[in-house]
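Ready for a guided walk through a structure? Keep the viewer open, try each exercise yourself, and then compare your steps with the worked solution.

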Amino acid sequence: MTADRSLQDYFDGQAYTLICGADEAGRGPLCGPVVAAACILPSDVVIEGLNDSKKLTAKKRDKLFDEIKQRALTYCIAESSVEEIDRYNILEASLLAMRRAIDGLYPIPQAALIDGNVERDFPLPARAVIHGDALVPEIAAASILAKVSRDRGCLTLDAQYPQYGIAGHKGYGTKAHMNALREHGPAPIHRARFIRFLNPDDSRDTEARPEDIARAKKPTSWAFPLDCRGCTYEEVKDRLPAWILDFKHGER
């Protein structure tokens with residue numbers, strides 16, 4: 001990766017020293033949650049091989065996943081559920097998952113670099129970076145954390161619903177997955193908004209209501225428990241909301 005330092009410098013000029021990267025995985029699949037991660041890397045840490053997770057082999061992603069978790073100052077992996085995807089829409093659910101991941105970082109970041117082209121409704125100064133997972137090490141690290149976490153979650157879904165072959169296609173709309181849906185019908189893990197092809201005559205309104213989207217933007221939808229800040233995941237995992245998958249907190 002050739003890091004674009006101008007993006008970090010944009011915030012450095014405003015005296016921000018703790019800048020996180022954030023990305024999500026799983027916007028396109030027909031089933032399962034959307035997973036997001038946020039990460040702050042120490043300024044003196046260089047992780048060889050960081051890149052857009054989609055450009056790496058699964059073996060390379062797994063290796064980097066472990067290294068990122070070990071060497072990051074702080075990271076958090078969070079998700080938005082299938083129910084939230086159906087209630088809000090996939091964009092709002094993805095933003096919600098990223099807000100949750102960012103809020104789960106400790107030390108608390110002062111600003112965020114977000115992969116993509118949407119930077120609204122974050123609880124801190126944020127800047128969207130198109131192709132950020134190929135330009136910004138922190139975003140690339142978050143991309144890998146999110147992708148590996150979601151792929152591993154798909155193995156769990158496959159064990160629960162083996163008839164859909166999720167371990168192979170990771171929930172995407174492959175021919176095999178769509179044929180399995182037609183044969184077996186949808187399971188609770190399928191996103192109703194994404195499988196309307198099963199009933200093209202369904203005229204129900206699936207647009208999110210404004211009040212639902214407003215609810216997804218409220219801190220009650222994404223606030224990390226304050227009394228868990230500074231703890232380890234093992235210390236508080238039984239007290240965390242279901243949407244926190246993993247985290248590491250650094251020194252105060």
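Contact here means heavy atoms within 4.5 Å. This is a predicted model, in which local features need pLDDT of at least 70 and side-chain atom pairs count only at pLDDT 80 or more, while totals for chains, interfaces and linings use all residues. Residues are numbered from 1 along each chain as its sequence is written, and side-chain values use heavy atoms, with hydrogens and water left out.

**Exercise 1. Find the residues that Phe-122 contacts, leaving aside neighbours within four places in sequence, and place Phe-122 in its core.**

Step 1. Select Phe-122 and skip its neighbours within four places in sequence; the contacts are Leu-95, Met-98, Arg-99, Ile-102 and Ile-114.

Step 2. Now look at the largest nonpolar core (a set of buried Ala, Val, Leu, Ile, Met, Phe, Trp, Tyr and Cys residues joined through side-chain atoms within 4.5 Å). "Buried" means under 20% relative accessible area, "exposed" over 50%, and "partly exposed" in between, with a 1.4 Å probe and protein chains only. This core has 30 residues, and Phe-122 is one of those that touch the most other members, together with Ile-102, Ile-114 and Ile-244.

Step 3. Trace where the members come from. Helices (H or I, at least four residues) and strands (E, at least two) are DSSP runs, numbered from the N terminus. Two or more core residues come from each of strand E1 (19-25), E2, E3, helix H4 (90-103), strand E4 (111-115) and strand E6 (244-248). H4 gives the most, seven residues.

Step 4. Finally, look for another core apart from this one: it has 22 residues, including Ala-37, Leu-50, Tyr-75 and Ile-77.

**Exercise 2. Compare the span of H5 with the expected one, and explain why H5 counts as largely enclosed.**

Step 1. The expected span of a helix is 1.5 Å times one less than its number of residues. For the 24 residues of H5 that gives 34 Å, and the end C-alpha atoms are 35 Å apart, which agrees.

Step 2. Check burial: 18 of the 24 residues of H5 are buried, so this helix is largely enclosed by the rest of the structure.

Step 3. Take Ile-144, found in H5, as an example. Ile-144 counts as buried because its relative accessibility is 0%. Leaving aside neighbours within four places in sequence, its contacts include Leu-50, Leu-56, Arg-61, Leu-64, Phe-65 and Ile-68.

Step 4. Contrast two other residues of H5. Arg-152 sits in this helix and is partly exposed, at 38% relative accessible area. Beyond neighbours within four places in sequence, Arg-152 contacts Asp-62 and Phe-65. Leu-155, also in H5, is partly exposed too, at 48%.

**Exercise 3. Which residues of H2 are buried, and what do they pack against?**

Step 1. Locate H2, residues 58-71: its 14 residues reach 20 Å from first C-alpha to last, close to the 20 Å expected.

Step 2. Pick out the buried residues: Arg-61, Leu-64, Phe-65, Glu-67 and Ile-68.

Step 3. Recall that an α-helix has 3.6 residues a turn, so residues three or four places apart point the same way.

Step 4. Name the partners. The buried residues of H2 pack against strand E2 (34-40), strand E3 (74-80) and helix H5 (137-160).

**Exercise 4. Where are the residues with a positive phi, and where is the cis peptide bond?**

Step 1. Begin with the usual pattern: most residues other than glycine have a negative phi, and most peptide bonds are trans.

Step 2. His-131 has phi near 60°, a positive value. His-131 lies in the loop between strand E5 (126-129) and H5 and counts as exposed because its relative accessibility is 59%.

Step 3. Lys-170 also has a positive phi, near 60°. Look for Lys-170 in the loop between helix H6 (166-169) and helix H7 (175-184).

Step 4. For the backbone bond, go to Tyr-106 and Pro-107: the peptide bond joining them is cis, with omega near 5°. Pro-107 belongs to the loop between H4 and E4.
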